[in-house]
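Thanks for coming, everyone. I'd like to walk you through a structure this morning, one piece at a time, so please have a look at it on the screen.

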Amino acid sequence: MAGRPPVNGNASGQAKQLLSYLNTLSSSPNTGMLTGQHNWLGDPTGNITNLVLPISGGKYPAISSFELGAIGGQSDAIVNSQRQETVDAAIAYRQAGGIPAFCWHQQFPLTANTWANVWNDTNKNGYKTQAEFNQCVTPGTAQYNWLLAEYDKVAVHLKVLRDAGIPVLFRPYHEMNGYWFWWGKKNNYKLLWELIYDRFVVYHGLNNLLFVWNTHCPRAVDPYIADFRLYYPGTVTGGARATGRLTSLPMIYTRTSFCRAITTIFGLSPEEDRSDCPK
């Protein structure tokens with residue numbers, strides 16, 4: 001395959017092929033660009049239909065990003081149904097030649113399915129305090145156990161894609177250097193990344209996932225956005241905290257927000273010490 005292979009030794013053949021393609025793009029930084037569009041849970045093709053196609057001459061973006069997070073106050077039963085609808089849309093997009101991606105605007109543990117429990121930009125030091133976040137990554141707490149249960153619910157749907165041979169760009173806990181999400185600007189953010197990776201890849205065997213580490217763009221007009229390099233989780237993540245095993249993950253770095261219409265794939269960041277992280 002082109003470029004670096006995935007560090008997950010059990011990555012599916014389809015995931016390896018997709019990563020090889022992205023590596024090919026990243027070797028040509030002036031031309032290695034794909035278009036993409038995010039769509040929300042409950043309307044998995046809505047933004048492409050309503051925002052992209054009217055201005056693209058009917059051309060579809062290479063990447064369709066689908067949502068796993070429930071932010072509309074819907075019941076858990078409806079969320080489950082909407083996630084299955086989203087998986088069906090992802091399968092159809094892949095069959096049509098596109099690349100499916102998944103994002104998860106996840107509410108803070110033990111709270112309702114509303115946007116207010118995901119995002120709040122009032123506190124420039126971070127939506128939730130460091131102490132509140134620590135409860136989420138401490139084994140045995142109610143928040144930690146809730147996260148594992150939520151991962152297990154979502155894994156049921158992602159396994160449908162795995163069993164269909166469909167690789168997925170998976171973008172969890174994005175824009176972590178911003179202050180608006182509950183996981184933002186936390187000094188032990190890496191533990192949350194390790195937790196979801198270990199549960200999905202090691203525990204559930206979701207080897208069709210390529211994890212996308214997605215930061216927010218630094219902006220001179222907003223000095224409260226932190227240096228993204230502080231939150232780089234590395235290409236080797238320790239699953240020992242939960243399972244007693246060491247695991248590793250493929251890493252794709254995106255300089256711009258994946259939610260925007262244009263996404264540039266810069267390739268892998270191979271060193272855990274961030275020395276190879278794009279400046």
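Let's begin with a single residue, L18. This is a predicted model, and in it L18 has a relative accessible area of 4%, so it counts as buried, the cut-off being under 20%. You'll find L18 in helix α1, which covers residues 13–26. What does L18 touch, once we set aside residues up to four places away in sequence? The answer is I99, P167, L169 and L210. Here is a nice long-range pairing as well: L18 and V168 are 150 residues apart along the chain, yet their C-alpha atoms are separated by 8.7 Å.

Let me step back to the whole chain for a moment. It has seven helices and nine strands. Of its 279 residues, 55% are buried. If you take contacts between residues at least 6 apart in sequence, 72% of them join residues at least 24 apart.

Now, on to the strands at β1 and β2. Strand β1, residues 33–38, runs parallel to β2, and three bridges join the two. Which residue of β2 is the bridge partner of G36? That would be I63. Between these strands the chain passes through α2, making a β-α-β crossover that is right-handed.

Staying with α2, its buried residues are G46, N47, I48, V52 and L53. Their cover includes β1, β2 and α3. After α2 comes G57, with a positive phi near 70 degrees.

The next helix to look at is α3. How does the length of α3 compare with what its 20 residues should span? At 1.5 Å a residue we expect 28 Å, and the end C-alpha atoms are 29 Å apart, so the two agree. The buried residues here are V79, Q82, R83, T86, V87, A89, A90, I91 and Y93, so do notice R83 and Q82 in that list. Among the elements covering the buried residues of α3 are α2, β2, β3 and α5. Just after α3 sits G97, and its phi is positive too, at about 105 degrees.

Let's turn to the nonpolar core. The largest one has 54 residues, and the members touching the most other members are Y151, F170, W182, W183 and F200. Elements giving two or more residues to this core include α2, α3, β3, α4, β4 and β5. Which element gives the largest share? It is α5, with nine residues. To get a feel for one of those well-connected members, take F170: leaving aside neighbours within four places in sequence, it is in contact with L68, F102, W104, I196, F200, L209, L210, F211 and V212. Apart from this core lies another, of 12 residues, among them L22, L34, A101 and V212.

My last stop is N113, which lies in the loop between β3 and α4. Is N113 buried or exposed? Its relative accessible area is 11%, and anything under 20% is called buried, so N113 is buried. The side chain of N113 makes a polar contact of 2.6 Å with that of Q107. Not counting residues up to four places away in sequence, N113 also touches the run A70, I71, G72, G73, Q74, S75 and D76, along with V79. You may remember V79 as one of the buried residues of α3.

That's my tour, and I'm happy to go back to any part of it.

Key:
Residues are numbered from 1 along each chain as its sequence is written. This is a predicted model: local features need pLDDT of at least 70, side-chain atom pairs count only at pLDDT 80 or more; totals for chains, interfaces and linings use all residues. Side-chain values use heavy atoms; hydrogens and water are left out. Helices (H or I, at least four residues) and strands (E, at least two) are DSSP runs, numbered from the N terminus. Buried means under 20% relative accessible area, exposed over 50%, partly exposed in between (1.4 Å probe, protein chains only). A polar contact is a pair of N or O atoms within 3.5 Å; within protein, one must be able to donate a hydrogen and the other to accept it, and residues adjacent in sequence count only if both atoms are side-chain atoms. Contact means heavy atoms within 4.5 Å. A nonpolar core is a set of buried Ala, Val, Leu, Ile, Met, Phe, Trp, Tyr and Cys residues joined through side-chain atoms within 4.5 Å. The expected span of a helix is 1.5 Å times one less than its number of residues. Two strands pair if DSSP finds at least two bridges between them. A crossover is right-handed if, with the strands pointing away from the viewer, the path from the first strand over the helix to the second runs clockwise.
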